[in-house]
Amino acid sequence: MERYYSYSKYLKGIFGERVYRITVDAGFTCPNRDGSKGKGGCIYCYQGSDYDLRKRTLTVKEQISEGIERVRRRYKARKFLVYFQAYTNTYAPISKLKELYDTVREFKEVVGLIVGTRPDCVPQEVLELLNSYTEDYLVWLELGLESSHFKSLDWMNRGHGVSDFIDAVLRTKSFPKIKVCAHTILGLPTENYREMMETADFIASLRLDGVKIHPLHVIKGTLLERMYEKEKFKTLEPEEYAELVVDFIERLPEKTVIQRITGEAPKELLIAPYWCTKEHKNWVINLIREKFEERDTYQGKKCRFRGEVCTREK
Ligand code: SF4
């Protein structure tokens, strides 16, 4: 039995087969780096969250083409989603965005478009543009929420508030074919257990379509590394993280797609915790699955937002 609604199950339900993601770096920057919102970026940000710098030397078309070939050879894959991941992928004039996103139209194997961005960077014209792709593609807008607590956003130097996130979500809801996913981080030293669970409730209350859950991890060369060395705050142990993820998912509606349940960085760049590597990824996912089994629980078990009579939380 699937204890949570995984991304692979969701995609299989739509396309009838496994669909693979090709991640591209379209050469964007970020308003939290170039000074228009802030400087220095989010404290954990390592080159806009894409570790493969070679991609920047290629065009988007070359990256998609290479990605499709690589994945096709390895898995005999036939359908692909193109994920604009690095930096803020809506931060350019609308004509430039259209030109970049339109690249997906050159590949008949591509069935979906995923755009990652900041919640304060989705003006109406961007939503209209994204909506124009929904006729032909599955379209996901990925918004960095990270936490529903302003004190944590402030600590991370996100440069936006919780209100920006709500605004982006509410405006996107007027384009029902655009799916919205929130990125979240567990294990922030600014938050206790109840505060982390409040972020899950916040996502549930907004009926988001998807969520990505990551543990806080410290990467070399980031401001977070300097803070970690100085403040010696604790990062999560794998067991602790697995319990938290299960608690978090229990609070989400059954229909929220769980797109990610861990995070990883290249071994040579990772400072802490040791288990946020590609090598540990499946081990962590299995640990989380085992917790679901041990506790005999499932997604939605503790979701509070069903429009039912208010009950006392057990
Ligand atoms: S919003 Fe994204 S790209 Fe910009 S600084 Fe933060 S993590 Fe990096």
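# A guided tour of the predicted chain

Begin by selecting helix 4, residues 124–132, where Val 126, Leu 127, Leu 129 and Leu 130 are buried. These residues cover an arc of only 160 degrees around the axis, which puts them on the same side of helix 4. Now display what covers them: the cover includes helix 3 (94–101), strand 3, strand 4, helix 6 (162–172) and strand 5. Please keep in mind throughout that this is a predicted model.

**The whole chain**

Zoom out to the full chain, which has 10 helices and 9 strands. Its C-alpha trace spans about 50 × 45 × 40 Å along the principal axes. For 314 residues, a compact globule would have a radius of gyration near 20 Å, and the chain, at 19 Å, agrees with this. Of the 314 residues, 56% count as buried. Among contacts with a separation of 6 or more, 81% are made by residues 24 or more positions apart. If a surface is displayed, its accessible area comes to about 15100 Å², and 50% of that belongs to carbon and sulfur atoms.

**Helix 1**

Next, select helix 1, residues 7–15, and show the side chains of Tyr 7, Tyr 10, Leu 11 and Phe 15, which are buried. Viewed down the axis of helix 1, the buried residues fall within an arc of 110 degrees, so they line one face of the helix. Rotate to the face turned away from that buried side to find the exposed residues Lys 12 and Gly 13. The buried residues of helix 1 are covered by elements that include strand 1 (20–24), strand 2 (80–84), strand 3 (110–117), strand 4 (138–146), strand 5 (178–186) and strand 8 (257–260). Strands 3, 4 and 5 were also named in the cover of the buried residues of helix 4. Just after helix 1, stop at Gly 16, which takes a positive phi of about 75 degrees.

**Helix 2 and Gln 63**

Move on to Gln 63, whose place is in helix 2. With a relative accessible area of 5%, Gln 63 is buried. Select its contacts beyond four places in sequence: Gln 63 touches Ile 22, Thr 23, Val 24, Asp 25, Lys 55 and Leu 58.

**Gly 40 and the ligand**

Go then to Gly 40, in the loop between strand 1 and helix 2 (60–75). At 58% relative accessibility, Gly 40 counts as exposed. Not counting residues up to four places away in sequence, Gly 40 touches Asn 32 and Arg 33. A distance may be drawn from Gly 40 to Glu 198: the two are 158 residues apart in sequence and 28 Å apart in space, C-alpha to C-alpha.

Now select the ligand. The residues around it are Cys 30, Arg 33, Gly 41, Cys 42, Tyr 44, Cys 45, Gly 48, Tyr 87, Arg 118 and Arg 158. Arg 33 thus appears both in this shell and among the contacts of Gly 40. Colouring the shell by class gives 5 nonpolar, 2 polar and 3 charged residues.

**Thr 235 and a cis peptide bond**

Select Thr 235, in the loop between helix 8 (223–231) and helix 9 (238–250). Thr 235 counts as buried, at 11% relative accessibility. Leaving aside neighbours within four places in sequence, Thr 235 is in contact with Leu 216, Val 218, Tyr 228, Ala 272 and Pro 273. What kind of peptide bond joins Ala 272 and Pro 273? The bond is cis, with omega about -15 degrees. Pro 273 itself lies in the loop between strand 9 (270–272) and helix 10 (278–295).

**Two positive phi angles**

Most residues other than glycine have a negative phi, and most peptide bonds are trans. Against that background, two further stops merit a selection. Glu 146, which is not a glycine, has a positive phi of about 70 degrees. Glu 146 is found in strand 4, and at 7% relative accessibility it counts as buried. Strand 4 is among the elements that cover the buried residues of helix 1, and it also covers those of helix 4.

Finish at Asp 296, in the segment after helix 10. Phi of Asp 296 is near 45 degrees, a positive value in a residue other than glycine.

How values were computed
Residues numbered from 1 in each chain as written. Predicted model: local features only at pLDDT ≥ 70, side-chain atom pairs only at ≥ 80, totals over all residues. Heavy atoms only, no water. Near = heavy atom within 4 Å. Nonpolar A, V, L, I, M, F, W, Y, C, P; charged D, E, K, R; others polar. Buried < 20%, exposed > 50% of the residue type's maximum accessible area, 1.4 Å probe, protein only. Helix = DSSP H or I, 4+ residues; strand = E, 2+ residues; numbered from the N terminus. Arc of directions from axis to C-beta. Contact = heavy atoms within 4.5 Å. Rg over C-alpha atoms; globule rule 2.2 N^0.38 Å. Areas by Shrake-Rupley, 256 points an atom, 1.4 Å probe, with all protein chains shown as cover.
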